[in-house]
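Colleague: Please take me slowly through a single part of this model, the surroundings of the ligand, and then place that part within the whole chain. I am in my first year, so please explain each term when you first use it.

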Amino acid sequence: MQQAGEGSRIPQRPIFPDVTVLLGDPRLADHSKREGAFHEEDLATRDAMKAAFASLDGYAFRYLDDHTTILEDLRAEPPQFVVNFCDTGFGNDPVRELNLPAYLEMLNVPYSGAPPAAMVLCWDKAVVRGMAAQLGIAVPDEVYIRPGDDVAARLPDRYPAFVKPSCADGSVGITVDAVVHDHAQAVARVKRVQAELPGRAVLVQEFLAGAEYGVGVIGNPGPGFTILPPLEVDYDGLDPALPRLLGFESKALPDSPYWTDVRFREARIDRAARAAIEAAAAAMFERLGLSDYGRFDFRTSADGVIKLMEVNPNPAWANDGKLAFMAGFAGIAYRDMLRMILEAAQSRTAAERGTAQG
Ligand SMILES: Nc1ncnc2c1ncn2[C@@H]1O[C@H](COP(=O)(O)OP(=O)(O)OP(=O)(O)O)[C@@H](O)[C@H]1O
Ligand SMILES: [Mg+2]
């Protein structure tokens, strides 16, 4: 494990110089975005990403985002190397995020980021929680409610509690109303999430009332990780009457106070606690079979224990995303963060394929 900075500054010679970047399809609906569609803020982050890639020496980038033709395009002209930044899923359907990497494997095309198996595991937060607990990593208390369960009979008796879908991404199903203060509110919220996401299990968790952290990792278990300085969500600017959470409002609604008043800062965390969350992140990266980069979200319980909330394979690559903030804390520019992800992926591929490194 290395801290950010070491070894991250000097670019390596491109191993696969021709890079095809896969993206979500802005022509199609996307329910993780406001009004279910791409907007100018989404297109601006794409432009910033393209400009950053264009500034890297020795590579040529092309972009594919038309999902009606993407399968034929990839098959007709298999790329030398793919950067899989299609975090919306194939057809902008998050359930099908794993389909593109699975397809690339069938085409024998190397790609950046997590393989399908890791995506399957991380998609289900209850599975991640179980695996983390088995490794001795602290996790929130939780009740798992299956579709068809008698909701009222299954609920915990400790409030406040936090209600969220077990399988979802980008805070779909998580809004301010996720925080519930009594049994009646909890029943209503669980039913609401069930109506929004039919057929999915719902989690009712212990409400983690304390500080919220993110740990960003770039690299791979063999050659080693760069662990970026942990991020802390800064809720100090938020109206104290509002519950502290990063829900759908913070990710998709630019007019919400959660979008305008919540900030990210470098974590104010003591050395031992930082070492513990970094070790938990590294252990889960390996256990879940992530590749090249990942982000691990933690939050502190009322009695001061930092608990793992979820693991994000292929976390948001945007220049205003958490990973870019963490890189910034280490003095790593956005373009260099993208370069580090690309280099980690290309080195891993070269090692897997026995290709001599350039
Ligand atoms: N048990 C909990 N107690 C308190 N807050 C929680 C809890 N679980 C989740 N949250 C809040 O809800 C936010 C979103 O939850 P989580 O990270 O599980 O879902 P997500 O929507 O998949 O996130 P991301 O957008 O990071 O992929 C967290 O960042 C945190 O603010
Ligand atoms: Mg999260």
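Modeller: A residue is called buried if 20 or more other C-beta atoms, placed from the backbone, lie within 10 Å of its own, exposed if there are 12 or fewer, and partly exposed in between. The model is predicted, and local features are taken only at pLDDT of at least 70 and side-chain atom pairs only at pLDDT 80 or more, while totals for chains, interfaces and linings use all residues. Residues are numbered from 1 along each chain as its sequence is written, while chains are lettered from A and ligands numbered from 1 in the order in which they are written.

Let us begin at the ligand itself. There are 21 residues around ligand 1, and those that come nearest are Phe162, Ser171, Gln205, Leu208 and Leu246; here a residue is near a molecule if its C-beta atom lies within 6 Å of it. By residue type, this shell divides into 8 nonpolar, 5 polar and 8 charged residues, where Ala, Val, Leu, Ile, Met, Phe, Trp, Tyr, Cys and Pro count as nonpolar, Asp, Glu, Lys and Arg as charged, and the others, Gly among them, as polar.

The shell can also be read by strand. Strand 6 (161-165), strand 8 (202-206), strand 13 (293-300) and strand 14 (306-313) each supply at least two of its residues, and the largest share, 3 residues, comes from strand 14. (Helices, H or I of at least four residues, and strands, E of at least two, are DSSP runs numbered from the N terminus.)

Two of the nearest residues, Phe162 and Gln205, are linked by more than their place at the ligand, for Gln205 in strand 8 is the bridge partner of Phe162. Strand 6 and strand 8 pair in the antiparallel sense over 5 bridges, pairing being a matter of at least two DSSP bridges between two strands. An open sheet of 4 strands, in the order 5-8-6-7 and with antiparallel pairing, holds both of these strands. At its edges are strand 5 (142-145) and strand 7 (179-180), each of which pairs on one side only. Just before strand 6, in the loop that follows helix 6 (151-154), we find Pro160, and the peptide bond from Tyr159 to Pro160 is cis, with omega near 0 degrees.

Ser171, another of the nearest residues, sits in the loop between strand 6 and strand 7. With 20 other C-beta atoms within 10 Å, Ser171 is buried, and its phi is near 65 degrees, a positive value in a residue other than glycine. Most residues other than glycine have a negative phi, and most peptide bonds are trans. Glu35 also has a positive phi, of about 50 degrees, although it is not a glycine. Glu35 lies in the loop between strand 2 (18-22) and helix 1 (40-54), and Glu35 is exposed because 11 other C-beta atoms lie within 10 Å.

Now we can place the site within the chain, which is divided into domain 1 (2-136 + 209-353) and domain 2 (142-206), with bounds from an automatic or database domain assignment. The centres of the two domains, taken over C-alpha atoms, are separated by 26 Å. Their contact takes 17 residues from domain 1 and 16 residues from domain 2, two residues being in contact if their C-beta atoms lie within 7 Å. On the side of domain 1 that touches domain 2, helix 5 (125-134) and helix 8 (248-252) are the elements that give two or more residues, and the residues of this side divide into 8 nonpolar, 4 polar and 5 charged. The shell around ligand 1 draws at least three residues from each of the two domains.

Finally, here is the chain as a whole. The protein chain has 12 helices and 14 strands, its C-alpha trace spans about 60 × 45 × 40 Å along the principal axes, and 43% of its 358 residues count as buried. Met326, in helix 11 (residues 322-329), counts as buried with 27 C-beta neighbours inside 10 Å, whereas Ala195, in helix 7 (residues 183-196), is exposed, with 8 other C-beta atoms within 10 Å.
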